[in-house]
Amino acid sequence: MAVKYISYGPQPIDGQAMLNFQRCYRLRYTGDKDAEQYIQRGMPLFEAETIESTGDNQDGNLIIHGECVAACAFLKSRNIKVDLVYIDPPFASGADYAKKVYLRRNPKVVEEMEQKERNLQDTLRMQFDEVMYGDIWNKNQYLNWMYENLMAIKSVMSETASIYLHLDWHIGHYVKVLMDEVFGEANFRNEIIWHYTNKMSGNQESHDFVCEHDTIFFYSKSKENVFNVIKEERETPVMQSKRVKVDGKNMRARDEEGNIIYELSSDKKVKDVWTIPYIASTDKQRRDYATQKPEALLERIIQASSDEGMVVADFFGGSGVTAAVAATNKRKFIHCDIGINSIETTRDYLIEKGLKFDIIKLKGGIALFRNPQQTMDKLKELIPNFNADECFGSKLWRGCIRDTKGEMPVYYPDLKDSGDQLLDKAQMSLILDEMTDLPITIKKVIVYYVDIDDKVAIEQFINEQNRTDIEVELRTMSDLLDDVVADDNVTVLPPVQQNDGLFEKQWKLEIASFHSDRVMQAITAFNAKGLQNNKNFREIVVSDEGLETIEWLSVDCTHAGHDDEWHSDSEVKIYDDKGHVAYNGKRTKDFWNGCIYSHKKPLRLKIRNICGDENVYMISNK
């Protein structure tokens, strides 16, 4: 439940052209005097928990695990303003984005550890896809969602701030008009074309031109935005007339005889078409994140529209490139994302760079199963007797529960859209309208909610407005999701103190075995699908010890309580499919030996499996 609602602040600019869609459509029911004023309710403010602090974070750098609107509510409640926003939200492209999940080397198998290279076929065989999020929207839903995000972002921007919105041809032309409405046509600065020539073009038809660009819309909050002229090197120097200021005007310089003075120019102002290569799979920048953007792209934006010491925010932070480049250019950063994979990828990336930050988790109405898309998919398995086929021709019903009592249509909110998660009279009105088209054989519908406006008032509203004989049963979604992720099982040998010549009185913690039901379910499903499609498919096999299903582990030698803020005193990450490890963010060509070492006695252990789930274990001396 939201603690309270925080005002969005300034309304959209009056007198702007408006797209023909119903903003905040959830509040359009008969008799609601505030139907057009939904935005006045504000942004949901949830409880916030600092789950990790990496040290002396004097700049107040933040990684926020939560969605955009809730993150803006959190920032506004703390009076935190941002000076530059870059966002690369879903493009409404209809694509599912996945990461490659692969088994590491088994440190218990000495022969394998001695191999410096792994057979390519084995590498391919030992990996599978994990869906991070589904970029699947209809136009109205997407524009409603984007409208709310833009309003939230605007509410935390400083008066001299700018925003760069990165999209492509799928939906960008609609969002451009939406940006005019929210920020004002007068505050439109540029339509930037990011041109690349080294990205796969997909399955375009032969009669289409190949797409080699994305679009970035550059707006400011006011006319007084920060802007620094950016120059780039010319391929060939040219002679240009020298420019001087005369009475405030930019004029050509002339000599005593009135002749124009020319000089050799080796650089030029950057224009609105940026040719910057896409990140190749072999590039050292590549972070195994599907939507990662090149550092050069973010560096140009950050240098152009912010100064040193300013706050740069990315509310769809993805791989963490914005945060890393901001820090490199002596700016403060705020990284926000709803997906745990983004938080983990960014956290590890920034640790490698030696940066300091706090990780904040926004405690919304439910505990997501890693990300909204996977949670939506998981719900289909968790609802007893649920059939996810389209139900009675309505997209509102997610499916039906079928048992001996008949069919019961089921509704649950779209977890990708924060605004869809509050069950209020408006949303209930839409559900009641859909119920009038159900067959007379339907006796009950099930309505799941994340947050509810006022349960007593909603139930009274149902009794008053229900024009059918169908019963409405309200259920909280938290009952389904609270216990979804079971703890992974680990066997740890008691910590021992030793001297190995490198560190004096070093503590050694050895992992004897590790087993994750979550990982094994994913591997079992992958194997079953592979065998179904190919009789010669080579199955993924996990060893008895299961250590190859570990991606990262850390020990806390500072805090002893299970729920205390995490302090990583020492950590190991197996960062590639060959099994090479990074110690405390420093990459090596070593292979993991199944142990983790620390200067102080370890009190707690945190392990992340290859699917991204993390669990904390207390260290026993026995």
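**Packing of helices 10 and 11 on a mixed sheet**

In the predicted model, helix 10 (residues 425–435) packs with helix 11 (residues 455–465) at an angle of about 35°, the axes being 10 Å apart. Axes are lines fitted to C-alpha atoms, for helices over the stretch in contact, and angles run from 0 to 180 degrees between N-to-C directions. Helices (H or I, at least four residues) and strands (E, at least two) are DSSP runs numbered from the N terminus. The contact (heavy atoms within 4.5 Å) involves Lys425, Met428, Ser429 and Leu432 of helix 10 together with Ile458, Phe461, Ile462 and Gln465 of helix 11.

Both helices also meet a sheet. Five strands form this open sheet in the order 19-20-21-23-25, with mixed pairing; two strands pair if DSSP finds at least two bridges between them. Strand 19 (386–387) and strand 25 (471–476) are the edge strands, each pairing on one side only. Strand 20 (residues 399–403) pairs with strand 21 (residues 406–411) in the antiparallel sense over five bridges, and proline 409 of strand 21 is the bridge partner of cysteine 400. Helix 10 packs on the sheet through strand 21, strand 23 (444–449) and strand 25, its direction making about 140° with that of strand 25. Helix 11 lies across strand 23 and strand 25 and runs at about 160° to strand 25.

Residues are numbered from 1 along each chain as its sequence is written, and side-chain values use heavy atoms, with hydrogens and water left out. Local features need pLDDT of at least 70, side-chain atom pairs count only at pLDDT 80 or more, and totals for chains, interfaces and linings use all residues.
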